[in-house]
Amino acid sequence: MTSIKQPGEKNLMLFSGRAYPELAEEVAEHVGVSLTPTKLIDFANGEIYARYLESVRGCDAFVIQSHTGPINKWIMEQLIMVDALKRASAKRITVVMPFFGYARQDKKGRGREPITARLMADLFKTAGADRLMSIDLHTSQIQGFFDGPVDHLFAMPVLENYLKNKLDLESTTVVSPDTGRVRLSERWADTLGTPLAFIHKRRDLDVANTVKVSEVVGTVRGRTCVLIDDMIDTAGTICKASDALYEQGATNVIVAATHAVFSDPAVDRLKNSRISEVIVTNTLPLSAANRFDKLTVLSIAPLIGRAITEIFQDGSVTSLFEGDT
């Protein structure tokens, strides 16, 4: 079955790009549909061709693509898929990007810089997207860059459920690796019922992915610390934060992050760090070379599947996180 029809001819169809078909298949299983057959090929010069092998006229289309490497190619492929759906008369097009590419450039820190998160939103709107869905955006303000509904999902319930079963919360502290993640860490601390700490850091603005940790604010001595972040790219921030916590007397450091970007030399840094466990979700594909003994990968597919079902049935996506009816 490649679609779900309801009274009034509502018709859900799910489409996947080539970046991460395994996640798309898992999401489709939770939604209860099959992925719609799609022809996607590369021309000799690198241009991408897309064509759907079934009629999509009047459907409620969901196009899932993870913005992994080579990131520019997969973003372009998703844009082309959206354009093809618009020109084939899909009724509503929802772009599902578990990881929102270019989200870190969400404001101008200095003159003559781009705001690529806004550019991404504009590109998908121009291509024909009616709605965006993403998980743990780098900053919440990105929701305002798109002129239409944005479903901002949170991986926190998935990660928290795992941690609750293995931590002694009485001796645990939730730690934000920088001031930008304090609000997210507050939500974690409130839900788990633990104290909150954060690390004040400074970046070298002239050298990418370079972090200087200044000090730890909060009680961490003799406690298990759970470092919270939205993504791990080169792991420089996380590893230096971990070192700072151990220097302040932490007995154990666990990292929980949504997006495992793992650009070099992230894996080597994490392997050789004193971090006891790194917990991530599968919003991005992980090759065998990027897996290591203390890495735990949790599936985000059930959450995406439930959100797609709620949108299709005109339900409440907020209820997935706040318990609203």
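Begin with the cysteines of this predicted model, in which a search for disulfides returns zero. Select C239 together with C225, and you will find that the sulfur of C239 has its closest cysteine sulfur in C225 at 15 Å, which is too far for a bond. While C239 is still highlighted, note that this residue counts as buried, at 10% relative accessibility. C59 is buried as well, and its relative accessible area is 0%.

**Helix 1**

Select residues 21-31, which make up helix 1, and colour L23, A24, V27, A28 and V31, since these residues are buried. If you then look down the axis of helix 1, the buried residues fall within an arc of 140°, so they line one face of the helix. Turn the view to the face pointing away from that buried side, and the exposed residues E22 and E29 come into sight. Continuing along the chain, you reach G32, which follows helix 1 and has a positive phi, near 95°.

**Helix 5**

Move next to residues 182-192, which form helix 5, where V182, L184, S185, W188, A189 and L192 are buried. These buried residues cover an arc of only 155° around the axis, which puts them on the same side of helix 5. On the face turned away from the buried side of helix 5, select R183 and D190, which are exposed. Just after helix 5 comes G193, which takes a positive phi of about 75°.

**The nonpolar cores**

V27 and W188, already visited in helix 1 and helix 5, are worth selecting again, now together with I308. Within the largest nonpolar core, which has 42 residues, V27, W188 and I308 are the ones that touch the most other members. Helix 8, residues 301-312, gives the most to this core, with seven residues. Apart from this core lies another, of 33 residues, and A50, A90, F100 and A103 are among them. As background to both selections, nonpolar side chains in soluble globular proteins tend to be buried together.

Which residues is W188 in contact with, once its neighbours within four places in sequence are left aside? Showing the surroundings of W188 brings up M156, L159, E160, L163, V174, I228 and A256.

**Helix 3 and the loop before it**

Select M120, whose place is in helix 3, and notice that M120 is buried, with a relative accessible area of 3%. Not counting residues up to four places away in sequence, M120 touches H67, I75, F100, G101 and Y102, and one of these, F100, also belongs to the core of 33 residues. To set M120 against another part of the chain, draw a line from its C-alpha atom to that of L284, which is 164 residues apart from M120 along the chain, and the separation comes to 18 Å.

From there, go to the loop between strand 6 (92-97) and helix 3 (116-127), where D106 lies. Is D106 buried or exposed? D106 is buried, because its relative accessible area is 3% and buried means under 20%. The residues that D106 touches, not counting those up to four places away in sequence, are I115, A117, T139, Q141, I142 and F145.

**An aromatic pair**

The structure holds four aromatic pairs, and one of them can be shown by selecting F43 and Y49, which form an edge-to-face pair with 6.2 Å from centre to centre and 70° between the planes. F43 is partly exposed, with a relative accessible area of 41%, and Y49 also counts as partly exposed, at 29% relative accessibility.

**Positions annotated in UniProt**

An unreviewed UniProt entry lists R203, D229, D233, T234, A235, G236 and T237 under "binding site". Among these residues, T234 is found in the loop between strand 12 (224-232) and helix 6 (236-247), and T234 counts as buried, at 9% relative accessibility. T237 lies in helix 6 and likewise counts as buried, at 13% relative accessibility.

For a last selection, take residues 12-128, which the unreviewed UniProt entry annotates as "domain: Ribose-phosphate pyrophosphokinase N-terminal". Over residues 12-128 the chain is 34% helix and 22% strand, and the C-alpha atoms at the ends are 17 Å apart.

How values were computed: Residues numbered from 1 in each chain as written. Predicted model: local features only at pLDDT ≥ 70, side-chain atom pairs only at ≥ 80, totals over all residues. Heavy atoms only, no water. Disulfide = S-S within 2.5 Å. Buried < 20%, exposed > 50% of the residue type's maximum accessible area, 1.4 Å probe, protein only. Helix = DSSP H or I, 4+ residues; strand = E, 2+ residues; numbered from the N terminus. Arc of directions from axis to C-beta. Contact = heavy atoms within 4.5 Å. Core = buried A, V, L, I, M, F, W, Y, C linked by side-chain atoms within 4.5 Å. UniProt positions renumbered as here; feature names shortened; annotations may be inferred. Phe/Tyr/Trp six-rings, centres within 6.5 Å; stacked < 30°, edge-to-face > 60°.
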